[in-house]
Amino acid sequence: MASEVLVIEGLKTYYFTLKGIVRAVDGVSLKLRRGEVLGLAGESGSGKSTIAWSILGLVPPPGRIVSGSIVVDGMEVTRMSESELRRKLRWKKVSMIFQGAMNALTPVYTVGRQIEEVLRVHAGISGYEARKRVYELLESVGLHKTIADRYPHELSGGQKQRVVIAMALALEPDIVIADEPTTALDVVVQAQILNLLKRLQREKGLSIILITHDLGVIAELADTVAIMYAGKIVEYGSSEDIYKNPKHPYTQALLKAIPRLRGPVDKLAYIPGQPPDLRNPPQGCRFHPRCPLAFERCRMNEPPLFNLGDGHLSACWLNEGEA
Amino acid sequence: MASLARFVLTKVFNAALTLAVTLFLISAIFSVYTVVEKYSSVREQYILALRTLETRYAHNPELLEEKRQQLWDNLLSQNGLTGNFTFDIINWTKILLIRNLTFDFGTTKYSYIGNTKDVGEILLIALKNTAILFLTATLITFLIGIILGFQMARKPGSVLDRAVSVFGMISWSMPTWWVAIIMLLVFSFYLDLFPSQAMYVYYDLSKLPQDLGLFERIIAQAKIWLYYMTLPVATIVLVSFGGASYLIRNIVLGVLQEDFVMTARARGLPERRVVYGHVLRASSPPIVTYLALSIVGAFGGAIITEAVFGWPGMGLIYWVAIQQFDAPMLVASTWVLTVMFIVTILILDFIYSLLDPRVRVG
Amino acid sequence: MSVTVESVRSFWHEYRRSKIGLAGLFLLGVLVLVAVTFPVIGDSEVIKYWYGDLTYFQDYPRAVPPCWAAGLLSDKEPTSTIVVRSDTDPQKLASMLYLEEVERGELEGYAIVAVFPIDGDELPADLYMSMNLGYEVEEPPVAVDEIRIEKPDGSALVVKPRTIIIKLGALTQRYTVSEIYFEGPDGRVDLVTVKAGEVEPKGPLARVLQIEEKPASISEVFLGYPEKKLEGAVINVNLRSMAQSIATKTINSLQALKLIQRQFKLELVEVDERVLDAGIARLATSLYNSIFTSNIDAAFNPEGGSLNILKGDYKLTIILAGSGLKVEMEPLKVVVKGSCYGLMGTDANGRDLWQALLYGTRWALIVGLLTSAITVVVGSFYGVVAGYAGGIVDEVLLRIAQIVYSLPVLPFLILLSALIKPSIWIIIILIVLFSWPGISFVTRSMALQIKSEPYVEAAIASGAGTLRILVLYVFPQVLPYMFASMALSVPSAVIAEASLSFLNLGDPNLVTWGKLLYDAQNAQAALKGYWWWVIPPGLGIAVVGMTFIFIGNALDAILNPKLKR
């Protein structure tokens with residue numbers, strides 16, 4: 001459908017290391033509609049960022065997309081050449097908001113120049129035109145235009161994050177992938193950035209994939225939520241469904257682990273054990289070693305994503321009946 | 001920018017401090033040496049003259065004593081001494097400090113380069129020649145190092161990478177001046193391609209006919225320079241480019257793993273821009289630092305290499321001065337060399353600050 | 001982090017994976033072996049006399065390549081250097097140098113015979129013999145009747161020293177001229193023929209002029225020898241100087257005789273053109289060269305073709321004759337100074353370079369290891385103290401280190417060495433003096449960083465003293481870096497010392513590789529193609545450097561996995 005800007009079908013992205021094959025993304029299917037905010041949640045190492053890099057065709061070696069399809073606005077990413085990706089896809093159709101903690105901006109160029117560069121390379125705008133546009137972009141993220149002549153190290157975490165957002169929006173892409181946009185920022189700045197993202201999404205009707213391990217952030221922004229575990233999607237549904245009615249034990253455990261300000265003081269709930277080694281995931285349901293509700297079948301067979309109606313999917317044997 | 005000014009000022013201050021300390025050290029050391037020498041020479045002359053005095057005034061012990069004292073005092077004052085060792089050292093140190101500071105080195109009785117005996121002029125000529133040789137060689141090494149280093153960093157573990165790395169490790173353990181000797185052996189003795197004594201470059205230059213047109217003259221001069229300079233420059237480059245490539249390769253490799261390289265690619269920038277724009281630019285500060293360090297390291301060896309080729313630069317000055325034991329010349333050379341050296345490093349530091357905005361933070 | 005057996009084992013396991021590191025260790029083993037076993041595998045005597053009594057080396061040819069290599073580079077076979085001494089091989093010597101009685105008419109004659117084997121195509125540098133000689137004669141003088149050199153092909157060069165005595169009125173002049181001719185299968189080739197004996201001055205001349213020809217006396221041929229009696233004395237005879245003295249005397253006498261011949265129109269001496277062409281400058285060399293070849297023209301005319309050295313035994317016979325002569329001779333030494341020698345050739349003084357190469361290993365290792373060890377220890381301590389102390393102490397210490405660091409090392413080393421003329425130990429200290437700042441910067445940063453770690457804060461909070469913290473927390477982390485640094489700074493230390501030696505500013509009593517190169521440079525070895533002198537010492541320096549770079553590189557890779565990609 002025309003309203004679907006991104007369709008991922010059965011994506012498998014593996015890293016072929018000397019110590020074994022890491023199956024970071026092991027059969028993931030997603031859809032993103034125009035103007036929708038999809039939250040992709042999961043622990044670190046669950047493969048969320050790999051999906052992001054796969055969409056851009058930038059999986060770092062020794063990684064590779066092994067199979068599956070990624071269709072962005074009619075283009076099959078997995079079959080595009082490097083130069084095609086560069087000219088047609090990256091930043092024009094899909095852009096990325098990087099983590100503020102990352103060294104995402106080149107330290108030796110001014111911030112303004114880096115944004116200008118993107119405009120020049122992709123849109124052919126330069127000189128005075130480009131400058132004007134850079135100021136516009138900076139203002140749209142709440143920064144004064146003098147920031148353009150600053151170097152990255154001269155800016156605070158929050159300012160850098162805003163610059164990154166401005167840069168991601170420079171070419172008005174179809175899809176924006178926000179990878180941990182608020183991690184490593186202090187809580188006050190986090191709230192500011194979240195508000196900014198909300199406003200921009202509303203104003204421009206952006207389609208966003210929001211990748212984070214922080215369920216609170218997803219709750220603020222996302223329309224739809226996908227929960228990832230060990231390279232697979234274990235639950236998928238509308239924000240409301242997921243938060244009010246989680247069906248997968250993992251989701252339930254995650255939600256329980258969020259400490260509440262109000263309510264009786266309890267022991268802190270947590271999920272025992274470690275995320276599995278993606279070179280050698282457990283047999284059957286990947287979550288079963290840590291699942292409080294696991295039974296015999298979970299150990300033997302891997303559950304498929306059961307459709308529980310209204311676009312709510314869950315991959316747990318316990319949900320089989322409701323499908 | 002205020003912070004840039006502050007940065008530069010700090011560096012200048014440091015350099016000045018280093019120069020001051022060096023000036024003092026050199027003057028003090030040489031002063032001690034000079035005073036000791038003078039005293040022993042005074043003593044020698046005294047003993048020699050004493051005998052004559054003793055025979056002449058053998059009959060009059062009081063007069064003898066008087067004459068003896070006179071002799072001693074005369075000898076002392078002739079040599080600028082007072083008899084008080086410590087005072088003399090301090091005094092001489094002051095004199096030398098001023099002389100060095102004003103670059104007033106007097107004359108030498110040995111012959112070096114050019115037809116002059118004025119130490120200042122000699123050093124100027126020598127410095128110019130050394131600069132020509134060293135700068136050319138360093139520039140070429142640098143260029144090769146960047147080109148190779150980049151290639152090696154982009155394909156680590158490749159044949160090129162490993163070969164050049166190993167070559168770099170091997171060439172770093174060879175004295176440059178020894179390689180120079182080998183080059184002479186191969187190219188001058190066996191192949192007879194290049195001259196054995198580079199100091200004839202000026203002679204040849206002066207033999208050019210006067211009536212050549214400007215363009216012809218330049219070509220002819222260039223040919224002569226090339227003929228004499230090739231072997232020394234080739235030697236220095238040969239010994240240095242391996243290590244330079246290896247070090248630059250490591251720097252670039254480190255930069256390539258930085259996040260901003262990946263994000264630059266994510267932005268759809270052409271690979272060429274990523275590498276020659278972002279990566280090169282971000283690597284250039286540490287490369288400049290490395291350049292400064294390598295100049296520091298290679299300098300000594302280059303000087304001696306000059307001497308082997310007979311290139312009329314500081315190396316030759318040192319060689320001759322050591323043979324003739326012309327201590328004042330050695331001191332003057334060391335002082336001048338240090339000044340040049342520190343100024344060069346200062347300039348490089350300044351370039352570094354222009355390249356890396358991060359250091360300009362107050 | 002403590003150093004346990006476990007950690008050592010895992011470290012070794014890591015290290016083993018580096019091929020370069022293993023190569024370095026192997027080389028190190030070889031070097032240490034050579035350095036330690038030198039007294040056994042090398043000749044310490046050579047080193048003892050290296051700067052001492054150079055006559056120790058007079059038997060050896062000067063500036064010749066090693067025998068194994070000389071044959072490789074040209075198609076000519078090298079001529080071996082053979083030294084036979086009475087103290088090492090008396091029997092062989094007796095067969096090579098002996099005394100014989102010969103018939104000389106009414107006089108007694110003795111022949112001193114020496115045999116020299118030549119086994120190559122190259123001209124030997126010299127032939128040389130040493131003996132204890134004594135003689136006595138009833139009627140002086142002892143005459144030198146003949147000097148004959150028999151070549152392996154049966155031909156011979158014969159020299160008969162003669163004295164021409166010319167009495168003109170009251171004046172008597174003596175001229176020593178040698179008859180020189182070659183005996184060969186094609187007959188006799190005369191170079192100089194003395195006809196004075198046959199000349200009879202005629203007419204009025206006969207009253208004033210008297211000409212006599214006699215065999216030359218021993219003092220006229222070999223300057224300074226007594227004519228009547230010599231008590232046993234050690235005599236050295238070498239062929240080149242013999243040729244030189246014969247040539248000089250002959251030419252000088254010929255000049256003088258020319259005048260007389262012209263004046264009195266007498267032919268006293270017949271001289272071949274080639275001798276006159278050669279003159280004093282080249283006659284000695286030509287005579288010497290002609291001994292070893294059958295192509296006499298080539299010997300006298302450099303463009304006459306190649307020499308074609310004859311291989312085999314050459315027999316030198318010196319015949320002394322006199323009335324009632326008695327000669328005693330005890331052979332001491334026979335030397336063929338060939339065109340090659342030993343494993344690494346010789347330098348301009350005939351010194352065996354292989355020995356110097358072996359011996360130099362010792363000092364290269366000592367200087368390298370000691371210098372870098374002290375530098376690293378001093379520098380590390382300095383840096384840690386500065387970093388940990390912080391504040392004004394850190395500022396001051398840092399400033400000092402920066403100042404020292406920005407000085408040009410070698411010019412200063414040169415200046416100081418020239419003024420002080422130091423021993424090797426002072427040199428080591430001087431090098432350390434300029435090298436320590438480098439590592440101090442790194443250890444300072446390390447200390448700064450460790451100081452801010454929570455576990456250190458905790459330790460301080462629980463009352464641990466500074467020393468305890470330094471020893472328990474700081475140094476264990478700095479130590480591995482110190483080792484890598486130590487290895488990596490050896491090459492520059494070795495090169496620094498070698499550079500000083502190369503400029504002749506090193507320890508004057510030590511035989512080091514740098515010094516060898518200084519000697520080579522002075523003798524213009526590179527421009528004369530003496531590759532065996534010029535390549536090995538530098539190669540030694542390079543090998544020592546390489547060894548430690550390999551090791552240091554492997555260590556660095558283990559400690560700095562970021563670069564291991």
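Contact is taken here to mean heavy atoms within 4.5 Å, and the model to which this criterion is applied is a predicted one. At the level of whole chains, two pairs are in contact, and of these chains B and C share the most contacts. Chain A and chain C, by comparison, do not touch, their nearest C-alpha atoms lying 12 Å apart.

Within chain C, helix H2, which spans residues 19–41, packs against helix H11, which spans residues 353–389, with the two axes 8 Å apart and at an angle of about 130°. Angles of 65 to 115 degrees count as roughly perpendicular and those over 145 as roughly antiparallel, and the value found here therefore makes H2(C) oblique to H11(C). The crossing in which H2(C) passes H11(C) is left-handed. On the side of H2(C), the residues that meet the partner helix are Leu31(C), Val32(C), Val34(C), Ala35(C), Val36(C), Phe38(C), Pro39(C) and Ile41(C), and their counterparts in H11(C) are Gln355(C), Leu358(C), Tyr359(C), Thr361(C), Arg362(C) and Leu365(C). Sorted by class, this contact of H2(C) with H11(C) comprises 11 nonpolar, two polar and one charged residues.

A second helix pair is found in chain B, where the axes of helix H4 (residues 119–154) and helix H8 (residues 214–256) come within 5 Å and cross at roughly 35°. Here H4(B) passes H8(B) in a right-handed crossing, and the contact of H4(B) with H8(B) has 23 nonpolar, seven polar and two charged residues.

Turning to internal voids, the structure holds seven cavities of 30 Å³ or more, and the largest cavity has a volume of about 110 Å³. The lining of the largest cavity is formed by Ile147(C), Ile149(C), Leu157(C), Val159(C), Leu239(C), Met242(C), Ala243(C), Ile246(C), Leu287(C), Tyr288(C) and Ile291(C). The elements of chain C that each give two or more residues to this lining are strand S5 (139–150), strand S6 (156–168), helix H8 (239–264) and helix H9 (273–291). Of these contributions, the largest share, four residues, comes from H8(C). By class, the lining of the largest cavity divides into 11 nonpolar residues, with no polar and no charged ones.

Note on methods: Residues numbered from 1 in each chain as written. Chains lettered and ligands numbered in written order. Predicted model: local features only at pLDDT ≥ 70, side-chain atom pairs only at ≥ 80, totals over all residues. Heavy atoms only, no water. 1 Å grid on protein atoms, 1.4 Å probe; cavity = no way out; pocket = protein on both sides within 12 Å on 5 of 7 lines; lining within 4 Å. Points joined across faces, edges and corners; volume = space filled by probe spheres on them. Nonpolar A, V, L, I, M, F, W, Y, C, P; charged D, E, K, R; others polar. Axes fitted to C-alpha atoms, helices over the stretch in contact; angles between N-to-C directions. Left-handed = near helix turned anticlockwise from the far one by under 90°. Parallel < 35°, antiparallel > 145°, perpendicular 65-115°, else oblique.
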